[in-house]
Every structure is written in structure tokens, then in C-alpha cells.
Amino acid sequence: MICSICSDGLSCSLSKIYRLPLRAPSLVWEEMRDLKGLPPSSKDKLGCWVHKNRLIFFGGYGYAPQGSHRGTFHYDESSSLMWDSPGRGWNNHVHVLDLESSTWSQPITQGNTPSPRAAHACATVGNRGYVFGGRFKNYRLNDLYYIDLETWEWHEMSVPQQGPVGRSWHSFTPVSSDHIFLFGGFTTERETLSDAWLYCVSRNEWKPFKHSHTESPRLWHTACSGPDGEVFVFGGCANNLLSHQRAAHSNELLIFNVQPKSLVRFCMETVLQHRERLSCHWDCLPKHLLLSLKQRMSRVNTLGS
């Protein structure tokens, strides 16, 4: 889904969806057309889970839905101060896009449903879709929920007082089958954060994560996990996005080594470090290890050139 700028210069939300085939010879964006079913209302700052060839969208901030949508829409009274503005608000709708049938649907959910929200962060672990924080009205939340993506039942998880503060525009990145990495965001007091936390799924336990990027606060950034237990954070804004000063957009890449290095990675690094002596024996390695070594070798050569 995308958010765009209308031709009249006013901020607006769209309900178009695009895909980028990553295995094609060339990277070309294409709009997904002729989708069946009732699509979500136009919105931005929503979250998404990926599970079994389905995209599951949750929440967001946008226009009131037209038609029969399951869930709650809370109107934002401050959004219609301008003439001819239809007004917008927060919602807690769940919409599923089945990529095989190209069909939109809304499941019937059960359990303790989260309040409407936007600018939250979502993470998929197994068959659970986790959502942390986000903004509702004038508050940035620090609650944690997960929805079972098979039964569509919501569960609220307790967050201790000494846990992460309420925030929006943060990232929440799965780094293993039992851990999710939380970084940055924006508080109710309009403070841009640089703290990091590691959430243990099996223990429902939060632990502060020490790192070297405490002087690099971020909100509205992107984050993804790497193959060796890292989390890569790129872009975003480093100051109060809502203040009158110019937004400090960033093109800095932050790397967090969240998981310990595997034995395979230690061996790979040692082999590369002594490649002049050991390269004559590389052909004895299994094909997948040889391919991995050559890929790492090409990256080393690129960085050194």
C-alpha cells in the first residue's frame, strides 16, 4: 500500500498496492490490478504480516471505510479543520490479501482486540502476528498483542513498567524463532528514541539491548534482519518530525549484531582472512559453502576497490 500527495498539494491516503518481482531479470514495479473482494479503506501508517502466501494488514490512519468493514474506526476531530476535507481517523481493521487467488477478505477475529492505531510496528513469528505500540489519539502506546494467523484470535501480552516506553514510528524485527528486536520511535512527549530492546516470545520477557548507536535516534526508519543475526536499520528521521525545524532525514546505515555469530560464520571469516593460504583447498568444500565463500569474497573485493 502507498501513501501519496494529492494533486492539490494536500496529504492523502491511497489504497493501491504494488509488487516488485525480485527474481525477474530487471526490477520493475507493477500495480496489482483486478483484485477481487472488498479492499481496505484508503489509509497510511498501517502494519503488515506475511504468512502462507498471504499479506495481512492491520490498523492505520485514513478515511472512514465505505461499505461493511469489520472492526472499529475512530474519527480524528482535528483532521477536518480545512474546508472540503472528509476527515480521517484511526482503525483496527484486519484485511487479508491472498496472493494465490488475488482476493481481499476480512476474517472474523476473536479475543481481546487492540484499540485502533497507526504508526505501529508488526512482526511475524511462526503463526503469530505481533503488533507493538503505535499512536491512538494523542497517545503513543506501549502495549503488545499477537493474533493467531490460523484461528484469528487476539491475545494481549503484559508489558512491565520497566519495559519499553510508548512509541510510534518504530521498528519491530524478528531475529529468530523466539526473539523480536525493537528499535527507536517517537514518544508522546515528542522525543525521538535511540533505545533498543529484545523481546523473548517464549518467556514474554523484555530486555534492554546495549549498542553503540545511542547517539543516532531514529523514527520512521526501515529495518530488516540479516543472514547472520544482524539487524540493518536504514533511513528515517533523526529529530522531531512534527516540530517547525527542518526534518533531519538520514541516509546512515546502522547495524546491530543481535544474535551471536554462528560457528559457520566464524569459520567463513577465518577462511577469508587466510584466503591466500587456503584458497587452493576451497574446491574440496560442499557446493553451498563454496558458493557462500565466493559471494563473501566478491563483497570483500568490492569493498576494497
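## Exercises on a predicted single-chain model

The protein chain contains 3 helices and 22 strands, where helices (H or I, at least four residues) and strands (E, at least two) are DSSP runs numbered from the N terminus. The model is predicted: local features require pLDDT of at least 70, side-chain atom pairs count only at pLDDT 80 or more, and totals for chains, interfaces and linings use all residues. Residues are numbered from 1 along each chain as its sequence is written, and side-chain values use heavy atoms, with hydrogens and water left out.

**Exercise 1.** Describe the overall dimensions and burial of the protein chain.

*Solution.* Step one: along the principal axes, the C-alpha atoms fill a box of roughly 75 × 45 × 40 Å. Step two: 41% of the 305 residues are buried, that is, under 20% relative accessible area, with exposed meaning over 50% and partly exposed in between (1.4 Å probe, protein chains only). Step three: among contacts (heavy atoms within 4.5 Å) with a separation of 6 or more, 51% join residues 24 or more positions apart.

**Exercise 2.** Identify which residues of the largest nonpolar core touch the most other members, and which strands supply at least two residues each.

*Solution.* Step one: a nonpolar core is a set of buried Ala, Val, Leu, Ile, Met, Phe, Trp, Tyr and Cys residues joined through side-chain atoms within 4.5 Å. Step two: the largest such core has 15 residues, and Y130, L144, F172, I180, Y199 and W206 touch the most other members. Step three: at least two residues come from each of β12 (121-125), β13 (128-136), β14 (139-148), β17 (179-186) and β18 (192-200). The largest share, 3 residues, belongs to β12. Step four: beyond its neighbours within four places in sequence, F172 is in contact with A121, C122, A123, Y130, F132, L144, I180, F181, L182 and W206. Step five: V96, V131, I147 and L149 are among the 12 residues of a second, separate core.

**Exercise 3.** Determine how many disulfides the structure holds, and examine C267 and C280.

*Solution.* Step one: with a disulfide defined as a pair of cysteine sulfur atoms within 2.5 Å, the structure holds 0. Step two: for C267, the nearest cysteine sulfur is that of C284, 16 Å away; C267 is partly exposed, at a relative accessible area of 41%. Step three: for C280, the nearest cysteine sulfur is also that of C284, at 8.6 Å, and C280 counts as exposed, with 57% relative accessibility.
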